2 protein chains.
Amino acid sequence: MGRPRTFDIDTAVDRAMELFWRQGFEATSTEDLVEGLGIARGSLYKAFGSKEQLYALALRRYCQRHATGLIEMLDRAEQVRPALRAALLGLVEADLADPELGCLMVNAATERSAHPETVRQVSHTMGQVESALAGALERARVRGEFAADKNPRELAQFLTTFVQGLRVMGKARADRAFLTNAVEIALGALD
Amino acid sequence: MGRPRTFDIDTAVDRAMELFWRQGFEATSTEDLVEGLGIARGSLYKAFGSKEQLYALALRRYCQRHATGLIEMLDRAEQVRPALRAALLGLVEADLADPELGCLMVNAATERSAHPETVRQVSHTMGQVESALAGALERARVRGEFAADKNPRELAQFLTTFVQGLRVMGKARADRAFLTNAVEIALGALD
DNA sequence: ACAGTTGTGGACAGATCAGTCCCTTACTCG
DNA sequence: CGAGTAAGGGACTGATCTGTCCACAACTGT
């Protein structure tokens, strides 16, 4: 009933995600959103309620997309170590290609640490990543891919932490040798 | 000549640093600064020129203070590993005590990656930290504190990266067991 | 066709933004 | 004491901020 929407909600959220990702929450104005999404103010507010709510949607989408991406990648992997190396080096290349972008989850955690909803979303996704890593490492351990005396969950927590640092360094010092070297040493923790 | 300043510039920069640290650049208004510094707008602009320039001063002060703090700590240390562990666990405790604060350098790198001056300042300080760590590790290596086949500069780059991750996780998942465990595994890279 | 419903989009509102102006105040030097 | 100089501070400016309103358009069910 009523007039049908003339824009696609998912596409709009994707575009909002890009804007918030690149500029942050505070630096993205509703005018930026109106332009970037190609929707009038009234429609934007009717569809999403507020800038905060649209941000929450965009962040959730980013988290889901990237967490599931990593989880599937680890599930598909025959060996954990090469898969993990490829994933981390992929992040390095992404940061080198566009150093101003980084990771929306890291940006959200740092810019909006005073906003419980944002922190909860990020924390939840980090937990998922940690669990996926722990699961993959446990399977690898059983297969004898690395030392049996290592604790998969502890390694996963370490790696999750390291990845955040990698994304920050990708913005601050986008240097391939530096970042790839850091990745190799981090992977050394599996030995 | 002329009327003497009635406020202390250093104190004012310190207070601005606290505000930018806690709230970020965008979320800190000039009105916040006027209130927080206890100075009228006119005086603030006469003394500092603009919000951007005051931010640059505050960030530089943070970088100098924290970089020199770490460097002195490493220089004073008789053994690198315990000093490093103490430093990292100190950061963990700081994050647990006030998870909304984090590290101004990390916040700056993520919020203001599109502003070259900010990126340059952060990158420069990260370089100093890396060099201090590399120097301390090299001295430790000579003293036989850890394996001679490890490259101090590579380890320093890894540790510098890891620390940024630690500060992000301190905001996103302020959990002592998680963070201390990540620290211990990171220190394992020295073995 | 008409009533009911919901999206559209531009005008609008009130608050807040960064930054400027300028009169006043407090000092120094001659 | 008077001229010169620089800081203090509050009023002000124009732009921009987020969010609302409302006349209109486009659809559905009867």
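This briefing walks through a predicted model of two protein chains and two DNA strands.

Local features here need pLDDT of at least 70, and side-chain atom pairs count only at pLDDT 80 or more, while totals for chains, interfaces and linings use all residues. Residues are numbered from 1 along each chain as its sequence is written, and chains are lettered from A, with ligands numbered from 1, in the order in which they are written.

**Chain A at a glance**

- Chain A has 9 helices and 0 strands, where helices (H or I, at least four residues) and strands (E, at least two) are DSSP runs numbered from the N terminus.
- Its C-alpha trace spans about 60 × 40 × 30 Å along the principal axes.
- Of the 191 residues in chain A, 41% count as buried; that takes 20 or more other C-beta atoms within 10 Å of a residue's own, with 12 or fewer making it exposed, anything in between partly exposed, and C-beta atoms placed from the backbone.
- Take the contacts in chain A between residues at least 6 apart in sequence: 69% of them join residues at least 24 apart. A contact means that the two C-beta atoms, placed from the backbone, lie within 7 Å.

**What the UniProt record says**

- The unreviewed UniProt entry puts "domain: HTH tetR-type" on residues 6–66 of chain A. That stretch is 77% helix and 0% strand, with its end C-alpha atoms 28 Å apart.
- UniProt (unreviewed entry) also places a "DNA-binding region" at residues 29–48 of chain A. This span is 80% helix and 0% strand, and its end C-alpha atoms lie 15 Å apart.
- UniProt positions follow the numbering used here, feature names are shortened, and annotations may be inferred rather than shown by experiment.

**Around the DNA**

- There are 26 residues around DNA strand C, and A:Gly2, A:Arg3, A:Ala40, A:Gly42 and A:Ser43 come nearest. To be near, a residue needs its C-beta atom, placed from the backbone, within 6 Å of the strand.
- α3(A) gives the most to this strand C surface, with 5 residues.
- By residue type, the surface near strand C splits into 8 nonpolar, 9 polar and 9 charged. Ala, Val, Leu, Ile, Met, Phe, Trp, Tyr, Cys and Pro count as nonpolar, Asp, Glu, Lys and Arg as charged, and the others, Gly among them, as polar.
- DNA strand D has 25 residues around it, with A:Arg3, B:Gly2, B:Ala40, B:Gly42 and B:Ser43 nearest.
- Here α3(B) provides the largest share, 5 residues, and the surface divides into 8 nonpolar, 9 polar and 8 charged.

**How the two chains meet**

- Chain B lands on chain A after a rotation of 180 degrees with 0.0 Å of shift along the axis (RMSD 0.0 Å), which is the relation of a two-fold axis. The superposition is by least squares on C-alpha atoms of residues with pLDDT of at least 70 in both copies.
- In chain B, B:Gly165 comes closest to the rotation axis, with its C-alpha at 1.7 Å.
- The contact involves 39 residues of chain B and 39 of chain A. On the chain B side, α8(B) gives the most, with 14 residues, and the residues there divide into 21 nonpolar, 12 polar and 6 charged.

**The core**

- The largest nonpolar core has 110 residues, and A:Phe20, B:Phe20 and A:Met105 are among those with the most contacts inside it. Such a core is a set of buried Ala, Val, Leu, Ile, Met, Phe, Trp, Tyr and Cys residues joined through C-beta atoms within 7 Å.
- Neighbours within four places in sequence aside, A:Met105 is in contact with A:Tyr62, A:Cys63, A:Val122 and A:Thr125.
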